[in-house]
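Reader: I would like a close look at a single part of this model, the sheet, taken slowly and in order. Please set the sheet in the context of the chain before going through its strands, and end with what lies against it.

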Amino acid sequence: MRAVEIERLSWDSAFFSKRIGRLRPDPDRETDLRRVADLDRSGFDCLYVELDVAAADLLDRWLALGARVMDVRAELSAVVGEAAPVAAASEVEGLSVWSESDRQDAAALAEDLSRWSRFARDPALRDSAARLYGHWLELAISGAHEALVWRAGGHIVGLLTFRSEADDAWIELLDIHESHRGQGIALALMRAFLARAHRDGRTRANVRTQLRNLRAVHAYERAGFRIGRVTLVLHWWSH
Ligand SMILES: CC(C)(COP(=O)(O)OP(=O)(O)OC[C@H]1O[C@@H](n2cnc3c(N)ncnc32)[C@H](O)[C@@H]1OP(=O)(O)O)[C@@H](O)C(=O)NCCC(=O)NCCS
């Protein structure tokens with residue numbers, strides 16, 4: 001029988017100072033079910049186990065091994081060019097590009113967003129969740145990724161960062177300050193992002209979010225995104 005492959009995640013391992021691996025068993029292959037018990041997990045402190053939402057047998061096995069469900073991840077995508085372009089003046093009035101003085105406001109938004117993440121749910125990684133989201137923000141600030149911001153009263157109250165890869169554009173961070181939610185700012189930022197992706201020749205826009213974050217799912221659907229795959233993400237720890 002072919003050895004089970006656990007993907008060693010060197011970036012995550014270095015960032016969290018733990019030996020971290022990832023496993024994506026294929027629910028269509030019966031052998032994967034048998035292999036779970038035989039896995040050589042000795043070289044890892046933590047495994048991220050990604051399961052199809054319908055893989056009940058595999059879920060039972062991992063729960064029996066002590067893994068915990070950290071996330072029900074929804075992947076959403078939209079066809080770029082089909083969504084409505086930015087229209088009303090109210091949809092662009094706060095829209096702005098990044099400036100260095102925004103760093104503190106943006107860091108607070110990224111930290112707020114980190115509370116939704118599977119890392120913040122895991123007691124062993126919780127302390128590093130905000131640092132991880134700070135890292136994503138730095139990628140946008142440094143120009144490796146890009147940022148759109150919404151300005152009101154001299155402050156940044158909305159942040160959307162994204163990256164692009166071939167035909168695809170990916171939303172990385174999206175957060176609206178609590179005091180400004182429900183006013184259409186997320187929708188306006190997403191429309192600006194989609195217009196930008198269109199201009200840059202991208203054909204598909206993507207985002208990952210937690211299915212339990214219904215408000216975010218609703219906002220993405222309102223902007224033209226549709227749910228594709230739903231994945232259970234478990235964390236298994238060796239201790
Ligand atoms: C999710 C989030 C980005 C939405 O931002 P927002 O600016 O409030 O959203 P918008 O005002 O543009 O609204 C978009 C849709 O969400 C709906 N919505 C707004 N406030 C809502 C609320 N309190 N409850 C439920 N739905 C709400 C709006 O009704 C709108 O849909 P509609 O036009 O069909 O009514 C914002 O709530 C947020 O920052 N949350 C915390 C961080 C987060 O979850 N980020 C996304 C994770 S990937």
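Author: The bounds of the domains used here come from an automatic or database domain assignment. With those bounds, the C-alpha centres of domain 1 and domain 2 are 29 Å apart, domain 1 covering residues 7-66 and domain 2 covering residues 77-228. What you see is a predicted model, in which the chain forms eight helices and ten strands. The radius of gyration of the chain is 19 Å, close to the 18 Å that the globule rule gives for 239 residues, so the chain is as compact as a globular protein of that length. Its C-alpha trace spans about 60 × 35 × 30 Å along the principal axes.

Now to the sheet itself, which is open, contains ten strands in the order 1-2-3-10-4-9-8-7-6-5, and has mixed pairing. Its edges are formed by strand 1 (7-8) and strand 5 (95-97), and because each of these has a single partner strand, one side of each is left without a neighbour in the sheet.

Starting from the edge at strand 1, this strand pairs with strand 2 (residues 20-23) in the antiparallel sense over two bridges, and Glu7 stands opposite Arg22 of strand 2. Strand 2 in turn runs parallel to strand 3 (residues 46-52), to which four bridges join it, and here Leu23 faces Val49 of strand 3 as its opposite residue.

Further along the order comes strand 4 (68-79), which has strand 10 on one side and strand 9 on the other. With strand 10, strand 4 pairs in the antiparallel sense over eight bridges, and Val72 stands opposite Leu232 of strand 10. With strand 9, strand 4 is again antiparallel, now through seven bridges, and the bridge partner of Ala74 in strand 9 is Thr209.

Two helices can be placed against this framework. Helix 7 lies across strand 4, strand 5, strand 6 (146-152), strand 7 (155-165), strand 8 and strand 9 (204-210), and runs at about 30° to strand 7. Helix 8 also packs on the sheet, where it touches strand 4, strand 9 and strand 10 (226-237), its direction making about 165° with that of strand 9.

These helices also bear on the ligand, around which there are 19 residues, with Arg181, Gly182, Ala186, Leu187 and Ala219 coming nearest. Strand 8 (168-176), helix 7 (185-199) and helix 8 (214-222) are the elements that give two or more residues to this shell, and helix 8 gives the most, with five residues. Sorted by class, the shell has nine nonpolar, six polar and four charged residues. Seen together, helix 7 and helix 8 each contribute to the surroundings of the ligand, while helix 8 touches strand 4, strand 9 and strand 10 of the sheet.

Note on methods
Residues are numbered from 1 along each chain as its sequence is written. This is a predicted model: local features need pLDDT of at least 70, side-chain atom pairs count only at pLDDT 80 or more; totals for chains, interfaces and linings use all residues. A residue is near a molecule or strand if its C-beta atom, placed from the backbone, lies within 6 Å of it. Ala, Val, Leu, Ile, Met, Phe, Trp, Tyr, Cys and Pro count as nonpolar, Asp, Glu, Lys and Arg as charged, and the others, Gly among them, as polar. Two strands pair if DSSP finds at least two bridges between them. Two residues are in contact if their C-beta atoms, placed from the backbone, lie within 7 Å. Axes are lines fitted to C-alpha atoms, for helices over the stretch in contact, and angles run from 0 to 180 degrees between N-to-C directions. The radius of gyration is taken over C-alpha atoms; the globule rule is 2.2 Å times the number of residues to the power 0.38.
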